[in-house]
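Biologist: I should like to learn how the features of a protein model are read. May we go through them one at a time, with the structure before us?

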Amino acid sequence: MQKKQLISRDIEIFYNKASEETRLDKGMGIFEFERIKMLIDKYLPFQSAKIIDVGGGTGKYAEWLSQKGHSVFLVDPVPKHIDQAMARANKLKNKFSAHLGEARALSFPNNFADVVILHGPLYHLQSKRDREKAIKEAKRVTKSRGVILGFSINYTASTLVGLLQGLIHKKTFFEMCKEELTTGVHNPPNDFPWLLAEAYYHKPEELKEEFQGQDLIYLNTYAIEGIAWLDKNYFISISNERTKKTLMDLIDITENDTNLLAFSPHMMIASKKQ
């Protein structure tokens with residue numbers, strides 16, 4: 001039987017070519033993984049919570065959560081990711097489950113989970129209506145007073161990278177940046193095939209409004225990389241304990257600064273179901 005197409009063909013092609021399995025093991029991905037775990041930890045209610053990881057990829061976060069003693073249910077629309085996640089889960093004493101599915105139609109009952117994590121849906125759903133469906137579904141499957149965490153890409157992300165790396169002067173790259181800055185819609189140019197597939201890049205206030213629009217209690221918005229990644233010697237600094245501490249302290253005091261959120265490539269929003 002042919003598997004149902006849950007995502008656009010372009011997104012599936014992107015993830016079939018790219019290695020989501022190794023992305024968090026190199027470059028900025030190492031720090032992103034570390035920071036996201038720190039932020040999720042702030043909202044884990046107790047030792048054995050029931051957690052749905054929507055858009056959980058190959059299961060790196062699900063593995064970490066399972067090892068902490070939680071019951072984890074990973075959902076992802078990419079068959080390749082599900083195969084990799086299941087292989088990872090099978091090596092664990094406390095296994096997590098992996099389900100092929102997508103954020104707008106979760107196959108869980110109402111009031112099922114203590115925590116729902118929206119890892120990929122807010123990136124790849126370009127339509128506001130689709131993102132609202134994903135948030136509404138997350139709310140449906142979350143218990144009363146349960147927590148929903150959403151991860152998004154900042155509308156300034158490509159522009160900041162473009163400025164730092166000189167790509168801003170490439171015509172097609174700049175046209176892409178202008179679109180992201182004005183509409184939030186991200187479509188990679190043909191001459192930059194390594195860029196993320198079609199996506200949506202949020203303004204911080206817009207991200208907050210989308211969650212509040214579903215009658216969720218807004219808790220906070222966090223910068224993931226913050227402004228620390230702008231250190232011109234970032235990769236050297238982050239690998240040294242003394243200089244890494246300086247960067248972590250900087251992030252700690254600025255992670256919720258609304259005036260600085262736009263300098264962080266990624267954000268996490270925390271909300272609660274009433």
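Biologist: Is Arg 88 buried or exposed, and what is its relative accessible area?

Modeller: The model is a predicted one. A residue counts as buried when its relative accessible area is under 20%. Arg 88 has a value of 13%, so this residue is buried.

Biologist: With which residue does the side chain of Arg 88 meet in a salt bridge?

Modeller: The partner is Glu 63, with 3.1 Å from N to O. Glu 63 belongs to helix 4 and Arg 88 to helix 5, residues 79-89, so the salt bridge ties together parts that lie 25 residues apart in sequence. Glu 63 has a relative accessible area of 22% and is therefore partly exposed.

Biologist: How many salt bridges does the count come to?

Modeller: The count comes to 12 salt bridges. One of them joins Asp 130 and Arg 104, whose closest N and O atoms are 3.3 Å apart. This pair also links distant parts of the chain, since Asp 130 is in helix 7 and Arg 104 in the loop between strand 3 and strand 4, 26 residues apart. Arg 104 is partly exposed, at 28% relative accessible area.

Biologist: Where do Glu 175 and Lys 178 lie?

Modeller: Both are in helix 9, residues 171-183, three residues apart, which is about one turn of the helix. Their salt bridge has its closest N and O atoms 3.1 Å apart. Glu 175 is partly exposed at 37%, and Lys 178 is partly exposed at 35%. Salt bridges can also share partners, and in that way Arg 35, Lys 42 and Glu 255 are joined into one network.

Biologist: Let us return to helix 4. Why is helix 4 described as largely enclosed by the rest of the structure?

Modeller: Six of its eight residues are buried, and helix 4 is therefore largely enclosed by the rest of the structure. The buried residues are Lys 60, Tyr 61, Ala 62, Trp 64, Leu 65 and Ser 66. Just after helix 4 comes Gly 69, with a positive phi of about 100 degrees.

Biologist: Which residues other than glycine have a positive phi?

Modeller: The general idea is that most residues other than glycine have a negative phi. Here, Asn 111 has a phi near 55 degrees, and Arg 145 has one near 70 degrees. Asn 111 is placed in the loop between strand 3 (97-100) and strand 4 (113-118), and at 44% relative accessibility this residue counts as partly exposed. Arg 145 is part of strand 5, residues 142-154, and is exposed, with a relative accessible area of 51%.

Biologist: How many aromatic pairs does the structure hold?

Modeller: A pair of aromatic rings is described by the distance of the centres and the angle of the planes. The structure holds nine such pairs. In one of them, Phe 33 and Tyr 61 have ring centres 4.9 Å apart and planes at 65 degrees, so this pair is edge-to-face. Phe 33 lies in helix 3 (residues 28-41) and Tyr 61 in helix 4 (residues 60-67), so that the pair links distant parts of the chain, 28 residues apart. Both Phe 33 and Tyr 61 are buried.

A further edge-to-face pair is formed by Phe 73 and Phe 108, at 5.9 Å centre to centre with 75 degrees between the planes. Phe 73 is in strand 2 (residues 71-76) and Phe 108 in the loop between strand 3 and strand 4, so this pair ties together parts that are 35 residues apart in sequence. Phe 73 is buried at 18% relative accessibility, and Phe 108 is buried at 7%. In addition, Phe 31, Tyr 234 and Phe 235 form one aromatic cluster.

Biologist: Which charged residues sit over a ring?

Modeller: Two cases may be shown. The charged end of Lys 50 is placed over the ring of Phe 112, 4.4 Å from its centre. Arg 131 lies over the face of Tyr 200, 3.7 Å from the ring centre.

Biologist: Which residues form a nonpolar patch on the surface?

Modeller: The patch consists of Leu 164, Leu 230 and Phe 263, which together have about 250 Å² of accessible area. Leu 230 is in the loop between strand 8 (217-223) and helix 11 (234-237), and its relative accessibility of 32% makes this residue partly exposed.

Note on methods
Residues numbered from 1 in each chain as written. Predicted model: local features only at pLDDT ≥ 70, side-chain atom pairs only at ≥ 80, totals over all residues. Heavy atoms only, no water. Patch = residues over 30% accessible without salt bridge, like charges linked within 9 Å, V, L, I, M, F, W, Y side chains within 5 Å. Areas by Shrake-Rupley, 256 points an atom, 1.4 Å probe, with all protein chains shown as cover. Salt bridge = Lys/Arg side-chain N within 4 Å of Asp/Glu carboxyl O. Helix = DSSP H or I, 4+ residues; strand = E, 2+ residues; numbered from the N terminus. Buried < 20%, exposed > 50% of the residue type's maximum accessible area, 1.4 Å probe, protein only. Phe/Tyr/Trp six-rings, centres within 6.5 Å; stacked < 30°, edge-to-face > 60°. Lys NZ or Arg CZ within 6 Å of the ring centre and 35° of its normal.
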